[in-house]
Amino acid sequence: MIKSVLSLLCSIVCVSLFAQPKLENHGDWARIIVNDKPMLIIGGELGNSSASTQEDIRRIFPHLHKLGLNTVLAPISWELLEPQEGEYDFSTLDHIIHEARRNELKVVLLWFGAWKNSMSCYTPEWFKRDNKRFPRVHNKNGVPLEEASSLSANVLEADKKIFCSMMQHIRDVDMNEQTVIMIQVENEIGMITEPRDYSKDATKMYNSQVPKQLTDYLKKNTKRLNNNRLQIKTYKGTWSELFGNDIYAEEIFQAWTYALYVEEMAKAGKAIYNLPMYVNVALNSRNRTPGEYPSAGPLAHLIDVWHCGAPSISVLGLDLYDKGYRDWTGRYHLPNNPLFIPEIRLEDHDAMRALYAFGHHDAMGFCPFSIENYPLTRQSNSDWRNIDISKDDQLNVFSSNSSKLSPLVSSYRLLRQTEPLILKHQGTKDMDAVLLDNDTRETDIKFEDGTVLHISHTYSLGWEPGAKSDKWPEAACIIIRQDKDDYIVIGSGIVITFSKANGKMVGIAKCEQVEYSQEGEMQIVRHLNGDQTHQGRHIRIPFDNYQIQHFRLYEY
Ligand code: DGJ
């Protein structure tokens, strides 16, 4: 009794002294607040096995710092934390936190517990071997799959127990410093090969009434549901009666079981240490059906089921390995889901896509996958471990004037410099971004007062070496309007001309290339005029140059 009163008092005092990381959520955009300050997650996710030994962590984290990341998304797995039942080993976690601090990185931990990409491969051996106590899902033929059952109380309790111990440990070692800022619960949950679990228990539940919690939610939110199938007319019945007699109804059922499971995990973990929590999604693209794609994950058509079942989860994160970047980001940037990209295929064009995510979608974060494999400089087409970085004079992430840096590194340095500016304009009409490519070679940004910025790919000028090529690479910029005629442009490969609704002509009053110091001070790198603005006709950042320019317009 005395112990629990003391622990309650302690938590009240601790909480009031150190506000823990939290999400400032505005519905369609959000940002994480750490040490009482907002931040963008200018991040990268490690490959699955790259933070599993202390040696790797020690070797890799300094490289991440040089790449310009402010946050690393690092897996932490059940098999390493609880190798024997009830015996915990937090040494890998401690090492991640320690090396992150040494390299000025924040950490988002990815909990590889009961499921990692549908499978239960990251559960410890003692769990795997005891499939009586920890049952698996079954396919239609009654064959168990290597996927733990989302309906098993034993699975949930065991997963929750270690997850909560981990949260307690993070709280104990990190509440002050706040290196760990967010938690991903499981990884790309979804049932593979089948749309739902066909075990006896699951089938019994599937044939019983849909819970009132879900039908009430659907009724209450009927006008803002993201899937027509959930707009039901009657609110009493079994899953197939309410949602249709097919695999898509089965998928809704399975999603419900996953969401409830995740809610139990998140709620219990947050009760110990209230960090923001999210889940990530494996997409359902390429005309696949549920089960062919991981069924029942936090997919765009199941967002309402997940929101209802797992209210402790703040964000449904988008993992993007498919074509259609603009389309997918639009589908996950919703009135009730801020855009967070915990994974995207690691490619040079992520340099442009990151700008678009932060500038156009007010994204919380952007994180290419297996980021440790990305080279710092362009000359290094091979392994980054072979690069002689000691000779590189560009290790300061607040410096961006090296043409040697790889595209994503250059872009991240611009983002790190302008982070306070972007944060200041998030959620306002004064910030937007464009992403140009072979199909979309020009576009406009229109402001409410009738000012229009016409933004084209620099290849459209025909001056640059790549302009004659058949396929134009992606180019992008963020535009921030600081005042009526005062703008900042951040990007690469764009040319801007202007017009006003009042019909007046618009000219460039002044243009300069700038940099921002760590303290947020703008410094002029050079005054741009003459050839650099085509004698006052346009604002331009050549392709493959990564720059911040400040310009003022005037009417005549
Ligand atoms: C998505 C998963 O979430 C990652 O852990 C990793 O397996 C990648 N796919 C691999 O491409």
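Me: I'm looking at this model and its ligand. How far is an oxygen atom of the ligand from an N or O atom in the side chain of Asn187?
Reply: This is a predicted model, and in it those two atoms sit 2.8 Å apart. Pairs of N or O atoms within 3.5 Å count as a polar contact.

Me: How much of the ligand's accessible area does the protein cover?
Reply: On its own the ligand has 300 Å² of accessible area, and the protein covers 75% of that.

Me: Which distances go with the side chains of Asn48 and Lys116?
Reply: For Asn48, a side-chain N or O atom is 2.9 Å from an oxygen atom of the ligand. For Lys116, a polar side-chain atom also comes to 2.9 Å from a ligand oxygen atom.

Me: Which residues surround the ligand?
Reply: Asn48, Lys116 and Asn187 are on the list, along with Asn117, Glu188, Asp319, Tyr321, Glu343 and Phe369. Sort that shell by type and you get four charged, three polar and two nonpolar residues.

Me: Now for Lys22. Where is Lys22 placed?
Reply: Look for strand β1, which runs over residues 22–25; Lys22 is in that strand.

Me: Why is Lys22 called partly exposed?
Reply: The label is for values between the 20% and 50% cut-offs. Lys22 is partly exposed because its relative accessible area is 47%.

Me: Beyond its neighbours within four places in sequence, which residues is Lys22 in contact with?
Reply: Those are Arg31, Ile32, Ile33 and Pro276. Try finding Met277 as well: Met277 is 255 residues from Lys22 in sequence, yet their C-alpha atoms are 9.5 Å apart in space.

Technical notes
Residues numbered from 1 in each chain as written. Predicted model: local features only at pLDDT ≥ 70, side-chain atom pairs only at ≥ 80, totals over all residues. Heavy atoms only, no water. Near = heavy atom within 4 Å. Polar contact = N/O pair within 3.5 Å; in protein donor to acceptor, adjacent residues only side chain to side chain. Areas by Shrake-Rupley, 256 points an atom, 1.4 Å probe, with all protein chains shown as cover. Nonpolar A, V, L, I, M, F, W, Y, C, P; charged D, E, K, R; others polar. Helix = DSSP H or I, 4+ residues; strand = E, 2+ residues; numbered from the N terminus. Buried < 20%, exposed > 50% of the residue type's maximum accessible area, 1.4 Å probe, protein only. Contact = heavy atoms within 4.5 Å.
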